[in-house]
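Welcome! Here are some short exercises with worked solutions, to be done with the structure in view.

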Amino acid sequence: MGSAIRFKNTRVPRQKGEQARLKVVSGPDAGAVFVLVGTSATIGRGEENDAVILDLKASRKHAEFALGAGGWEVRDAGSANGILHNGKKTAGGFLKTGDTVSMGETTLEFMASDNATMMLVAPPKSLAEIGAERSAFEAQRKSVLDLARIGGVAVAGAPGKAASGFDAKNILKNRKVQLALVGLVAAFLLLGDDGPQKKPGAGPKDDKKDARDLASFLPDAVSSAVAKPAEMFFRAGFREYRERNYLRAKVNFETVLQMDPGHRLAMLYLENCDKGIKDEVKLHQDRAKKDLMSGKLKTSKAHYESIMRLLYRDQTNPSFIEARDQLDKISKIMAGGDA
């Protein structure tokens with residue numbers, strides 16, 4: 001058993017060996033609570049963590065909570081985007097009841113064991129002070145899409161008509177445009193690869209094949225002011241795709257298509273991402289059902305949780321609904337002591 005237990009309902013009674021609680025006040029897991037029953041716990045989107053969150057903007061292993069001589073503290077575990085403690089970016093710090101810790105789109109409210117039950121019924125504290133930091137990436141993305149509109153490129157879903165008489169050189173001399181591009185590059189350096197695991201079947205031959213110039217994938221008709229940021233998004237998506245991080249790859253390919261709806265390679269890889277997700281869901285379903293029939297509740301539960309992470313953007317999908325229902329059943333069995 002791990003050192004953190006997840007509950008969907010925050011009003012759970014005090015647990016045996018409980019040391020502290022982490023109440024999820026925003027993000028894909030909002031409303032859940034992690035009860036810490038050990039003196040340390042890791043958190044991130046990877047299944048190897050004690051506390052697994054469904055946040056794709058979080059790193060595989062994002063942070064660690066530990067109880068020491070000075071009390072509970074949180075430490076960044078080498079994540080791509082860092083953590084926020086009470087709305088301020090930090091590498092770590094000591095925690096007191098009511099403090100918030102943010103990573104990706106997720107914000108947790110810390111509760112010491114002696115205050116946890118009382119804090120569960122209280123409304124979450126205001127998160128206005130950290131809203132700007134959490135939306136930084138979306139602001140960079142919007143800047144690029146605005147640049148596409150300035151460049152006279154029809155952006156999918158964007159209101160208004162494209163401008164005529166576009167001069168790429170004059171646009172690139174604009175100070176705001178330069179800052180937007182510099183910020184975009186910085187964002188991708190920060191949001192880049194956070195150490196995904198090497199996938200089976202990949203070898204030197206595959207790496208050599210994938211090392212070709214990605215700039216050649218961009219259509220010639222796209223203006224240079226738009227082509228450069230589009231290539232950045234395509235490159236990021238292509239890297240995530242090779243590592244089979246299909247959901248993160250989709251976000252990048254969708255952004256490319258907003259800037260350049262005719263980008264054939266982005267269309268192709270977007271379809272491949274959907275196929276990859278479908279195949280992984282099927283694999284997890286088969287394993288989850290076999291483990292459940294064999295009485296391996298914990299491993300079956302892990303597979304159903306993986307399905308929910310893969311389909312969290314499509315929660316009406318029958319596979320997502322089935323996984324959610326099965327998780328409820330397994331959790332009730334495990335809570336009853338049959339695990």
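A residue counts as buried under 20% relative accessible area, as exposed over 50%, and as partly exposed in between. Keep in mind that this is a predicted model.

**Exercise 1. Decide whether Tyr241 and Tyr269 are buried, partly exposed or exposed, and describe how their rings meet.**

Step 1. Take Tyr241: its relative accessibility is 22%, so this residue is partly exposed.

Step 2. Now take Tyr269: with a relative accessible area of 10%, this residue is buried.

Step 3. Look at the two rings. Their centres are 5.0 Å apart and their planes make an angle of 70°, an edge-to-face aromatic pair.

Step 4. Place the partners. Tyr241 belongs to helix 7 and Tyr269 to helix 9, so the pair ties together parts 28 residues apart in sequence.

Step 5. Widen the view: ring pairs link Tyr241 and Tyr269 into a cluster with Phe234, Phe238, Tyr246 and Phe253.

**Exercise 2. Work out what kind of aromatic pair Trp72 and Phe110 form, and which strands the pair connects.**

Step 1. Start with the count: the structure holds eight aromatic pairs.

Step 2. For Trp72 and Phe110, the ring centres are 6.2 Å apart and the planes lie at 55°, so this pair is tilted.

Step 3. Find the strands. Trp72 sits in strand 7 (residues 71–76) and Phe110 in strand 12 (residues 106–112), so the pair joins parts that are 38 residues apart in sequence.

Step 4. Check the exposure. Trp72 is buried at 7% relative accessible area, and Phe110 is buried too, at 2%.

**Exercise 3. Explore the largest nonpolar core and find which helices contribute to it.**

Step 1. This core has 29 residues, and among those with the most contacts inside it are Phe234, Phe253, Val281 and Leu311.

Step 2. Two or more residues each come from helix 7 (224–242), helix 8 (246–259), helix 9 (264–293), helix 10 (297–310) and helix 11 (318–335).

Step 3. Zoom in on Val281. Leaving aside neighbours within four places in sequence, Val281 is in contact with Ile307, Leu310, Leu311 and Ser319.

Step 4. Now look elsewhere: a second, separate core has 23 residues, including Leu36, Ala41, Ala58 and Met103.

**Exercise 4. Locate Ala236, decide whether this residue is buried or exposed, and find how far its C-alpha atom lies from that of Phe253.**

Step 1. Ala236 lies in helix 7.

Step 2. Its relative accessible area is 5%, so Ala236 is buried.

Step 3. Ala236 and Phe253 are 17 residues apart along the chain, and their C-alpha atoms are separated by 8.8 Å.

Terms used:
Residues numbered from 1 in each chain as written. Predicted model: local features only at pLDDT ≥ 70, side-chain atom pairs only at ≥ 80, totals over all residues. Heavy atoms only, no water. Core = buried A, V, L, I, M, F, W, Y, C linked by side-chain atoms within 4.5 Å. Buried < 20%, exposed > 50% of the residue type's maximum accessible area, 1.4 Å probe, protein only. Helix = DSSP H or I, 4+ residues; strand = E, 2+ residues; numbered from the N terminus. Contact = heavy atoms within 4.5 Å. Phe/Tyr/Trp six-rings, centres within 6.5 Å; stacked < 30°, edge-to-face > 60°.
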